[in-house]
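Grab a pencil and work through these exercises one at a time. Try each task before you read its solution.

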Amino acid sequence: MVKKTFVAAIAVIICVFLVTNTISSSITKYADAKIEIAGNAATDSGSGEELGLDQQAGLMEGGSSLDSDTSADAQTPSDDTSADASTDSNAGDTAAKPDDSAKPGDAAQNSGSAQPKDGIETLNYYNSVIDKAVKAKVGYDKERMTDNEKMDGSVALQAMKSLVYKFMGIGAENKYSEKVEKGKWGDVAFITSSKLAASDVTSATCKVSGDNYVITLTLKDGKSSAGKSNPTTAPTTALDKTGICVGSEDKGYFDHKTASVIYDAIAGTYAGAEINEKYSKATVVATVNAKTGNLVSLVVEWNQEVTLSKLAGMSATASGVSHVTYKNFKY
């Protein structure tokens, strides 16, 4: 465990390393159809604040319209680059005005389902698909990897980057993997029910790809902080609600390393430390068998930045791009 390693090593340096173990990520975008809600990742023109699907639906009721273009755009999962790709003429993408706000567990419960017509239906469908997988205690392979790393800090920390990145889980040699057997879940749930609501999501699209639906959700940005006065805060951002493994303690298997997770790792040595974490450009791409409603794959990605201060007079900022992938599902 990271905490044990930290305690056993040199106090100041290992603390920072352990802390940086909580850094991750970013997000690459995947193929979407245009079932978009009044502008993907819409923002409030007055304040610049991201609008959730529920707020966008309200704007549409005031006269805005949905993008009804039936052509599909494909975006490759490379670093913030995109290319147009033609899609199957039977993609069947449609757009319709959402008439309600999404609530966790609202989606249709039957195994297969008609293609969602709009962002609200797409989000509801996603929630139900994840909930179904959890209830079935599915088997699957999971991998978390962080790349595109960057760290700014003291000369001492820069000289030991490789060790810092080991604690951060950065690079192919430090990836985290789990193989979960169907029906044999232990105390740790490496996938949990989705609790996403319309206010958490700025766009939700669905397209047909062969026998599957490909659902893409773009999430609101989030942040967390922790220190002596607020050591523990429950993970409640949009990213934390997607179904990935999260918590507020120092556990190496948590996917989103929040400020509370990092603080828990170093508080025994540096109780006065302050941690600020934020993520951006978070996306979820779920491939679902259209006939059965079973997951084929699930990929959650985001950019993350963590700043540690008041750490024995030192401070450091680390960032990276995290990719959490679930595949080989067994129902």
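In what sense do β7 and β8 pair, and over how many bridges? They pair in the antiparallel sense, over 13 bridges. Before we go on, two ground rules. This is a predicted model, in which local features need pLDDT of at least 70 and side-chain atom pairs count only at pLDDT 80 or more, while totals for chains, interfaces and linings use all residues. Residues are numbered from 1 along each chain as its sequence is written, and side-chain values use heavy atoms, with hydrogens and water left out.

**Exercise 1: strands around β8**

Task: Find the strand partners of β8, and look at the turn that leads into β8 from β7.

Solution:
- Step 1. Start with the terms: strands (E, at least two residues) and helices (H or I, at least four residues) are DSSP runs, numbered from the N terminus. Two strands pair if DSSP finds at least two bridges between them.
- Step 2. Take β7 and look across to β8: Glu-301 stands opposite His-323 there.
- Step 3. Now try β1, which pairs with β8 in the antiparallel sense over 11 bridges. On β8, Val-324 is the bridge partner of Arg-144.
- Step 4. Check the turn: β7 and β8 make a hairpin with 2 residues between them, and Ala-312 in that turn has a positive phi of about 55 degrees.

**Exercise 2: an aromatic pair**

Task: Describe how the rings of Tyr-140 and Trp-185 meet.

Solution:
- Step 1. Get the rule straight: rings of Phe, Tyr and Trp (its six-membered ring) pair if their centres lie within 6.5 Å; planes under 30 degrees apart count as stacked, over 60 as edge-to-face and the rest as tilted.
- Step 2. Searching the whole structure turns up 6 aromatic pairs. For Tyr-140 and Trp-185 the centres are 6.3 Å apart with 90 degrees between the planes, and the pair is edge-to-face.
- Step 3. Where do these two sit in the chain? Tyr-140 is in strand β1 (residues 139–152) and Trp-185 is in the loop between β2 (176–180) and β3 (201–209), 45 residues apart.
- Step 4. Both Tyr-140 and Trp-185 are buried (buried means under 20% relative accessible area, exposed over 50%, partly exposed in between, with a 1.4 Å probe and protein chains only). Together with Tyr-326 and Phe-329, they form one aromatic cluster.

**Exercise 3: the nonpolar core**

Task: Work out which elements build the largest nonpolar core.

Solution:
- Step 1. A nonpolar core is a set of buried Ala, Val, Leu, Ile, Met, Phe, Trp, Tyr and Cys residues joined through side-chain atoms within 4.5 Å.
- Step 2. The largest one has 43 residues, and Tyr-126, Tyr-140, Leu-217, Leu-219 and Leu-298 have the most contacts inside it.
- Step 3. At least two residues of this core come from each of α4 (119–135), β2, β3, β4 (212–219), β6 (274–289), β7 (295–311) and β8 (314–330). The largest share, 8 residues, is supplied by α4.
- Step 4. Zoom in on Leu-219. Leaving aside neighbours within four places in sequence, its contacts (heavy atoms within 4.5 Å) include Leu-196, Val-201, Ala-238, Leu-239, Ala-282 and Val-284.

**Exercise 4: salt bridges, buried or exposed?**

Task: Compare the settings of the salt bridges Asp-255 with Lys-142 and Glu-274 with Lys-310.

Solution:
- Step 1. Side chains of opposite charge can pair when their charged atoms come close. The cut-off: a side-chain nitrogen of Lys or Arg within 4 Å of a carboxyl oxygen of Asp or Glu. The whole structure has 10 salt bridges.
- Step 2. In the Asp-255 and Lys-142 pair, the closest N and O atoms are 2.6 Å apart. Asp-255 lies in the loop between β5 (222–226) and α7 (259–266), and Lys-142 in strand β1, 113 residues apart.
- Step 3. Asp-255 counts as buried because its relative accessibility is 0%, and Lys-142 is buried too, at 2%.
- Step 4. For Glu-274 and Lys-310, the closest N and O atoms are 3.1 Å apart. Glu-274 sits in strand β6 and Lys-310 in strand β7, so this pair ties together parts 36 residues apart in sequence.
- Step 5. Glu-274 is partly exposed at 32% relative accessibility, whereas Lys-310 is exposed at 54%.
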